[in-house]
Amino acid sequence: VTIPPISRSGTVVSIRKFKRDVLTIEKLEAYSSVPHEGVLLLNAIVKLRKNTIVSGGTSSGKTSVLNAISGLIPDSDRILVLEDASELKLQQRHCIYFETRKPDKNGEGEFSIRDLVISSLRLRPDRLVIGEIRGAEALDLLQAMNTGHSGSMSTIHANSPIDALRRMETCALTSGVELPLSAVRMQVASAINCVVHTMRLPDGSRKIVDISEVMPLNNGEYQMRQLMKWKTESIAPDGAVRGHFNICNKPSFAEDARIMGIELPEYD
């Protein structure tokens with residue numbers, strides 16, 4: 001709720017309402033938000049405990065996709081869910097939910113996402129699921145991902161997968177810890193394994209338009225291997241978007257998936 005004088009047009013009320021039924025990866029496939037090959041990729045990414053960031057613009061479906069992907073986590077894992085506002089609904093039996101707290105009228109008592117990340121590491125989580133990365137908590141999450149908490153997930157606002165890495169880098173630099181840019185980039189490239197990018201298309205449909213794997217730095221620059229990509233072919237007069245998904249490159253973890261008996265898309 002925003003009121004004058006902040007809102008010059010009067011009182012503004014915005015209601016963010018979530019469906020009671022949980023959006024699953026199977027429903028995403030049924031809605032043509034991701035192809036079956038993309039589902040196989042996402043399943044392998046989660047089962048192989050790859051640290052994953054879901055990126056996209058405002059209202060592109062990042063939280064919904066994160067919720068759907070989290071459904072692929074094995075039921076035996078101990079998951080800690082950290083959010084600013086409770087939105088995620090995981091299906092596993094061993095989930096612990098934490099929520100931030102705003103400061104009181106005296107400016108005291110605040111508990112931020114960063115505080116939650118630091119505290120949660122004492123609770124022996126198998127995976128961390130963070131609603132959204134917005135600031136200094138990025139550095140603590142990167143360090144957690146690099147120190148045994150593999151398979152963790154979060155979302156971040158970004159226009160492309162590589163922009164998601166750059167935003168993680170920028171957020172980490174706001175932590176107040178004096179680190180050279182090269183060290184932060186090494187942390188980002190080694191901590192994050194995959195980026196799932198979402199987009200709201202002109203006709204209002206939401207799709208997973210890109211699944212990319214993060215590769216080692218090349219001359220200090222981020223490198224990514226595209227695994228799946230949505231290609232728009234045309235936009236009809238009524239605004240309907242037509243296109244198709246392409247499976248691009250074989251992931252570096254294909255051999256690990258074979259050893260564990262995890263199905264991947266067919267590659268030439």
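Arg114 is partly exposed, its relative accessible area coming out at 23% (partly exposed falls between buried, under 20% relative accessible area, and exposed, over 50%, with a 1.4 Å probe and protein chains only). Its partner, Asp140, counts as buried at 10% relative accessibility. The two form a salt bridge, with the closest N and O atoms 2.6 Å apart (that is, a side-chain nitrogen of Lys or Arg within 4 Å of a carboxyl oxygen of Asp or Glu). Arg114 sits in helix 4 (residues 113–120) and Asp140 in helix 5 (residues 137–145), so this pair ties together parts 26 residues apart in sequence. Helices here are DSSP runs of H or I, at least four residues, numbered from the N terminus.

The model is predicted, so local features need pLDDT of at least 70 and side-chain atom pairs pLDDT 80 or more, while totals for chains, interfaces and linings use all residues. Residues are numbered from 1 along each chain as its sequence is written, and side-chain values use heavy atoms, with hydrogens and water left out.

Over the whole structure, the search turns up 13 salt bridges. One of them joins Arg185 and Glu169 at 2.9 Å, N to O. This pair also links distant parts of the chain, 16 residues apart: Arg185 belongs to helix 7 (residues 181–191) and Glu169 to helix 6 (residues 161–173). Both Arg185 and Glu169 are buried.

Arg258 and Glu255 make a more local pair, three residues apart in helix 8 (residues 254–260), or about one helical turn. Their closest N and O atoms are 2.6 Å apart. Arg258 is exposed at 56% relative accessible area, and Glu255 partly exposed at 42%. Elsewhere, salt bridges with shared partners join Arg49, Asp77 and Arg127 into one network.

Technical notes:
Helices (H or I, at least four residues) and strands (E, at least two) are DSSP runs, numbered from the N terminus.
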